[in-house]
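Reader: Please take one part of this structure and go through it closely. I would like the cut-offs stated along with the description.

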There are 2 protein chains.
Amino acid sequence: MRRDAELNRERLVAAAREVFAERGLDVALDAVAKRAGVSIGTLYNRFPTRNDLVRAAFADSVDTVARLGEHALGLEDPWDGFVYFVEQVSQLQAADRGYNELAARGVPTSEELARGYDLMSRIVARAREGGVLRADFTLEDMAFVTWSITRTIEATAKTGTAVWRRHLALILDGLRASAAHPLPVPPLSREELADIYRGC
Amino acid sequence: MRRDAELNRERLVAAAREVFAERGLDVALDAVAKRAGVSIGTLYNRFPTRNDLVRAAFADSVDTVARLGEHALGLEDPWDGFVYFVEQVSQLQAADRGYNELAARGVPTSEELARGYDLMSRIVARAREGGVLRADFTLEDMAFVTWSITRTIEATAKTGTAVWRRHLALILDGLRASAAHPLPVPPLSREELADIYRGC
DNA sequence: GCATAAGTTGAGGACAGCGTCAACTTTGCT
DNA sequence: AGCAAAGTTGACGCTGTCCTCAACTTATGC
């Protein structure tokens, strides 16, 4: 790739990060091109679909989450690890509208999801086996947590305080083994969830 | 109002109900006009803004919810009443995409909200005083419940089973007094919530 | 039955976002 | 320096939705 092309690519990704964070994933792409100081044609040349751009813009968020997951697994108490992970990810979502929307809708690619799946799977399993997380809670149920927080962050974005923390605390209280009452319906299957995130 | 005008009005409202239920509140309005068998001009003549149409279309949903609320208050056990109400409203949401979106965004009018507020207020207070609903749960916290379910219904709409029931059960488990751990942040104030639903 | 107010119609202007492509500019190799 | 390949540009056509309004149709009271 030519040097100027590489530079423009970087500018575009940086601009996309900013614009997505401020205005969400559905912004008009000219806004990104404009902020990058590059023509719309160049944007399309480099990123033929909006998704290509989204993926590029959030590539390092994926890394961040992976790091958070590793750290969570490093904490001695499994429940603390679980809580830590959920809280930190929610924090990321609260700070970045684009990332929040991404968490709600899912990325239309399974590549990096697989990585996150494995990590979360371990965090959940460990917490469950530790005995504090309720026994009937599955990895797929994490989607409920994410979706919930996602919506509350969205709705309360303009509020001064981080009210989502209150919501999250209420949710977590329902996930403790000590709070558990029988659940009426089986969890989503892995395929169902994958379909949802893929948009089928 | 002339007889034909009245008829067209009814047709439009009926069409709006159907179309909103199927495709959400953001459908192109020609779709509604078309289904009503009426020209787009007539639609705009009768309902100058989209909101006017939405309000008309969901007028009786508001009544339904009121009836559910009354019934909930009639149940002897306060907690059962609370659960009944939340479940039934969620059911309505699951059956009608438009209503689900309405619950998520709020109606840009405070008229009928006031009525719902009063009713929910009583349901929540009674359950709290009954001792099963946690003492630190406020009316405003109900928004968290609604938002959560709203999102899950949306995401899992194409799924065969009513997975939202599982999500709701998890939520409810966190609302019991026996599950309560201290909450980190004060609830939304009534004004904050009103602003959110009004879209400020 | 006729006049007139009430109501309807749908073509069309305004707008916003998408994505393309032929003409132009820049890079970097020789 | 010269040149081919790589890259950039932005005006433009397309699509979809909104909303209006001048011309037309219909209901109703007399």
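Author: The part chosen here is helix H1 of chain B, and its surroundings follow. This is a predicted model, in which local features need pLDDT of at least 70, side-chain atom pairs count only at pLDDT 80 or more, and totals for chains, interfaces and linings use all residues. Residues are numbered from 1 along each chain as its sequence is written, while chains are lettered from A and ligands numbered from 1 in the order in which they are written.

Helices are DSSP runs (H or I, at least four residues), numbered from the N terminus. H1(B) has 21 residues, which at 1.5 Å a residue should span 30 Å, and its end C-alpha atoms are 30 Å apart, so the two agree. The expected span is 1.5 Å times one less than the number of residues. After H1(B) comes Gly24(B), with a positive phi near 90 degrees.

Buried residues of H1(B) include Asn8(B), Leu12(B), Ala16(B) and Phe20(B); buried means that 20 or more other C-beta atoms, placed from the backbone, lie within 10 Å of the residue's own. Their cover includes H2, H3, helix H4 (50-57) and helix H7 (97-105) of chain B. Ala16(B) touches Val32(B), Leu53(B) and Ala57(B), leaving aside residues up to four places away in sequence; contact is C-beta atoms within 7 Å.

H1 (3-23) of chain B also gives two or more residues to the surface near DNA strand D, where near means a C-beta atom, placed from the backbone, within 6 Å. Arg3(B) is among the residues that come nearest to that strand.

Note on methods: Two residues are in contact if their C-beta atoms, placed from the backbone, lie within 7 Å. A residue is buried if 20 or more other C-beta atoms lie within 10 Å of its own, exposed if 12 or fewer, and partly exposed in between; C-beta atoms are placed from the backbone.
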